[in-house]
Amino acid sequence: MRQGCRLIQILLILGAMLLGPPALAADKVLRLGTLPVVSSRAAYEIYQPLMESLEKGLALSSVQLETPPNFRGMYQRIQENGFDLLISPPHIARLAQKRLGWHPLVMFLPEHQAILLAREADGPANLDALRGSTIAVLDNNALVAIVMMDALAKRGLQMGRDFKVIETRSYDSSQIALTQGVAQAMVFRSQGFIDSNARNQLKILLQAGVLPGYVVIASPGTNKLELQRLRTQLLAFGKTPEATPFFQKLGYDSLSTATEEAMRRLDPYLATTEAKLK
């Protein structure tokens, strides 16, 4: 009898070792990171439905929302395993996956483009008119900024030579810089974050690239069972009524599983992304 009990204990220990420590438990505080594209207050308003879904669906004690100050700060926190779950720009998600072992779970749809906006009434009439002007970007490390600067360079416009760039704290700040004349153009995504009334005051000077949406990634220490639980809960949330306004605020429609095929499309940006984040 004692031998039988001892065998069961050994099997339980071995099973625990194979599964690894549980990433999520009833008393667990899940650290959810978000992109530094809006203020912390705005981020909480946007992500609250998702936080509530994760907390309830995974039986967590709470979900703690964290918004890093910029993309470099985000990647530093990734390197420090400062999040359990992170809503990441796609190029940084791929870098975290390839270099640090983070796990892509789901991807936001549809894909979007990098666009260059100017004031409709008195903004530059074309790209040539940008010479000597200022372009506002959320962050030089944002994928939309990387893609747009490359697209402008291919059209003979070099940052630092033909125009200068100012970084802002949020997309709202970029829009303010544009409307107040501090900048003559701004780099943006093709959907989300600007209300329709403000958008009607702006015109598109250039569209560049087709970019994957945000990617939700889980920390390297998350075991397979918890990865599946997280992915299932995220996809389930995407089909709820509460997800509709959530997607609208972010400029997306739905969530899908992040496949390796989709992630591989970001490989051309790895070297540039890594160099910029050092």
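Nine aromatic pairs turn up in a search of the whole structure. The model is a predicted one. Take the pair of Phe-108 and Tyr-214. Their ring centres are 6.0 Å apart, and the planes meet at 70 degrees. That makes the pair edge-to-face, because planes over 60 degrees apart count as edge-to-face. Phe-108 belongs to strand 4 (residues 103–109), while Tyr-214 sits in the loop between strand 9 and strand 10 (215–218). The two parts are 106 residues apart in sequence, so the pair ties together distant stretches of the chain.

Are these two residues buried or exposed? Phe-108 has 1% relative accessibility and counts as buried. Tyr-214 is buried too, with a relative accessible area of 4%.

Phe-108 also pairs with Phe-246. Here the centres are 6.2 Å apart and the planes stand at 45 degrees, so this pair is tilted. Phe-246 lies in helix 9 (residues 243–250). This pair therefore ties strand 4 to a part of the chain 138 residues away in sequence. Phe-246 counts as buried, at 2% relative accessibility.

Now widen the view. Phe-108, Tyr-214 and Phe-246 belong to one aromatic cluster, together with Tyr-47, Phe-237, Phe-247 and Tyr-252. Elsewhere, a ring meets a charged residue: Arg-77 lies over the face of Phe-83, at 4.7 Å from the ring centre.

Next comes a sheet. Five strands form an open sheet in the order 7-6-8-5-9, and their pairing is mixed. Which strands stand at the edges? They are strand 7 (163–167) and strand 9 (202–211). Each has a single partner strand, so one side of each is left without a neighbour in the sheet. On average, neighbouring strands of this sheet are turned by 25 degrees against each other, direction ignored.

Look at the strand 9 edge. Strand 5 (residues 112–119) runs antiparallel to strand 9, and seven bridges join them. Ala-118 stands opposite Lys-203 in strand 9.

A helix lies across this sheet. Helix 6 (residues 171–179) crosses strand 5, strand 6 (133–137), strand 7, strand 8 (185–189) and strand 9. Helix 6 runs at about 150 degrees to strand 8.

Finally, step back to the whole protein chain. It holds 11 helices and 11 strands. Of its 278 residues, 49% are buried. Among contacts with a separation of 6 or more, 80% join residues 24 or more positions apart. The accessible surface comes to about 13700 Å², and carbon and sulfur atoms account for 52% of that surface.

Key. Residues are numbered from 1 along each chain as its sequence is written. This is a predicted model: local features need pLDDT of at least 70, side-chain atom pairs count only at pLDDT 80 or more; totals for chains, interfaces and linings use all residues. Side-chain values use heavy atoms; hydrogens and water are left out. Two strands pair if DSSP finds at least two bridges between them. Helices (H or I, at least four residues) and strands (E, at least two) are DSSP runs, numbered from the N terminus. Axes are lines fitted to C-alpha atoms, for helices over the stretch in contact, and angles run from 0 to 180 degrees between N-to-C directions. Contact means heavy atoms within 4.5 Å. Buried means under 20% relative accessible area, exposed over 50%, partly exposed in between (1.4 Å probe, protein chains only). Accessible areas come from the Shrake-Rupley method with a 1.4 Å probe; for residues, only the protein chains shown count as cover. Rings of Phe, Tyr and Trp (its six-membered ring) pair if their centres lie within 6.5 Å; planes under 30 degrees apart count as stacked, over 60 as edge-to-face and the rest as tilted. A charge sits over a ring if NZ of Lys or CZ of Arg is within 6 Å of the ring centre and within 35 degrees of the ring normal.
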